[in-house]
Structure formats: structure tokens, C-alpha cells
Amino acid sequence: KAASTAAHLLCLGFTVGIGVVSRPGTSLFSWHPFLMALSFSFIMTQAILLFSPESSLILSYSRKVKVRTHWVLQGLATVCAIVGLAIISYNKYMNDKPHFTSWHGLVGLATVLYTCLQSAGGVTLLYPKLMRKWSLAKLKSYHATSGLVGYLLGCTSLLLGMCSAWFTGIVTGVSWYLAISCPVLLALVLMNQITNAYLRKKRIKPWWKFIQG
């Protein structure tokens, strides 16, 4: 319970910290790190923690309310991620700089595309009749596990961004190590939540094996 509760404070503190460093509004670029932190560190983390049996902010509400709130938060996270990607792409174009040439750029692009696909896949849980071949239980399990992959991609992208020349030129020493520890700790907490809820109890096979038949 302590870890899940700490995750709420950690995702908020990290996002606020990135906002202080990037100072959104001071330049076009400044919106990119802030929106990505807002999307993957704060909103997406909260969207997953909604289902935590220990620290959900709407613990007493019904499953239906949690699902709808999760859907709204994931939608917001996806919008922030798309806008963040569009901003950095346009900023690179305006400054005549190559894009998607670094690991951060490539992983970031893959993460945003994956997030869009994951969000689209979530529609099958709102309307399970669209996927009659699969049971609702399996849809939930595969959505959760594939969602974990997307969240880990987001954390990886944030970590790579904090290794960039821009970030390391502003944040140094102990502050830098504290910053990079945030996505790592959040990933561990949410990985534990999802694996406990779906993988260990239900012992489902990985989604890629299910596709292979």
C-alpha cells in the first residue's frame, strides 16, 4: 500500500519538476517535455492506479465508473502525447534539424504510435460484442498486459529524454539521479500491480502467442 500511495506523489512531483525545468510557454520546445511528462508520468499513471485495490483515488466507486474514468484519462494521455510529438516535430522542422535520429526520438515515436493503438484496443472492452471470438476476461487480460508494455515504453522514452543534452545541461548531480529514478520506481510499482492482478492469478499466455494461435 505504501508503494502505491507513494506512486501518486511521485508521478505528481516528477511532472511538476519537469514543468519547472522546461517552463512551458517560454518557447515552442518547452511544451514537449512537459506534455510528455504529463501524459506518461502523471495522467497514464493515475489511469492505471484507478484499479489499485490499495490506493485508487476512487476506490469506493463501482468497476463501471473506474473503467469510464480510465478511458477518459487514457484519452487525455493520448492527446497530450500526440500534441507533444507534433510540437517537437514542428520545432525540428522550423529549425531545420533532423528528427527521429536518436534513440529518444525513435523510442518516443514508437511509444506514441503504440499508445494510439492501445487506446483504440481499449474500445473493445467498452463494446466487447465487437470481439465475440474472445471472452471478456481474456480481453481484459490482454489489454492490461499490452498496456503495461506501452507504459514501460513511455517510461523508457522519458528516461532517454533525461539523457539528452538539453536535460543534462540543466539538471546535474544528485538532482539528475533523483529525476531518472522516478520513472523507474513508477514502472516497478505499476508492473507489480498489473502482474498481481492479471498474470500471476490467471496464468494467461502472452498475447503474442495468442495471436500466433
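Which residues does M162 touch, not counting residues up to four places away in sequence?

## M162 and the nonpolar core

In this predicted model, M162 touches F14, F167, T168, W176, A179, I180 and P183, when residues up to four places away in sequence are left out of the count. M162 also belongs to the largest nonpolar core, which has 37 residues, and the members that touch the most other members are F14, M36, Y151, M162 and F167. At least two residues of this core come from each of α1, α2, α3, α5 and α7, and α7 supplies the largest share, with 10 residues.

A general tendency can be set beside this picture: in soluble globular proteins, nonpolar side chains tend to be buried together.

## The helix α4

The 24 residues of α4 should span 34 Å at 1.5 Å a residue, and because its end C-alpha atoms are 35 Å apart, the expected span and the computed distance agree.

Among the residues of α4 that are buried are G105, V107, G108, T111 and V112, and further along the helix T115, Q118, G122, T124 and L126 are buried as well. The buried residues of α4 pack against three other helices, namely α2, α3 and α5. As a general point about such helices, an α-helix has 3.6 residues a turn, so residues three or four places apart point the same way.

## The largest pocket

Rolling a probe the size of a water molecule over the atoms shows where empty space is left. In this model, the largest pocket holds about 1100 Å³ of space. The pocket is lined by 41 residues, of which F51, R63, H70, H143 and Y198 are the closest to its centre. Two or more lining residues come from each of α1 (2–22), α2 (31–49), α3 (63–94), α4 (103–126), α5 (136–161) and α7 (173–202).

Within this lining, α3 gives the largest share, nine residues. When the lining residues are sorted by class, 18 are nonpolar, 15 are polar and eight are charged.

## The second largest pocket

The second largest pocket has a volume of about 660 Å³, and of the 33 residues that line it, F29, H32, I88, H104 and G161 are the closest to its centre. The elements that each give two or more residues to this lining are α1, α2, α3, α4, α5 and α6 (165–168).

Here α4 gives the most to the lining, with six residues. By class, the lining of the second largest pocket divides into 17 nonpolar, 14 polar and two charged residues.

Technical notes. Residues numbered from 1 in each chain as written. Predicted model: local features only at pLDDT ≥ 70, side-chain atom pairs only at ≥ 80, totals over all residues. Heavy atoms only, no water. 1 Å grid on protein atoms, 1.4 Å probe; cavity = no way out; pocket = protein on both sides within 12 Å on 5 of 7 lines; lining within 4 Å. Points joined across faces, edges and corners; volume = space filled by probe spheres on them. Helix = DSSP H or I, 4+ residues; strand = E, 2+ residues; numbered from the N terminus. Nonpolar A, V, L, I, M, F, W, Y, C, P; charged D, E, K, R; others polar. Core = buried A, V, L, I, M, F, W, Y, C linked by side-chain atoms within 4.5 Å. Buried < 20%, exposed > 50% of the residue type's maximum accessible area, 1.4 Å probe, protein only. Contact = heavy atoms within 4.5 Å. Expected span 1.5 Å × (residues − 1).
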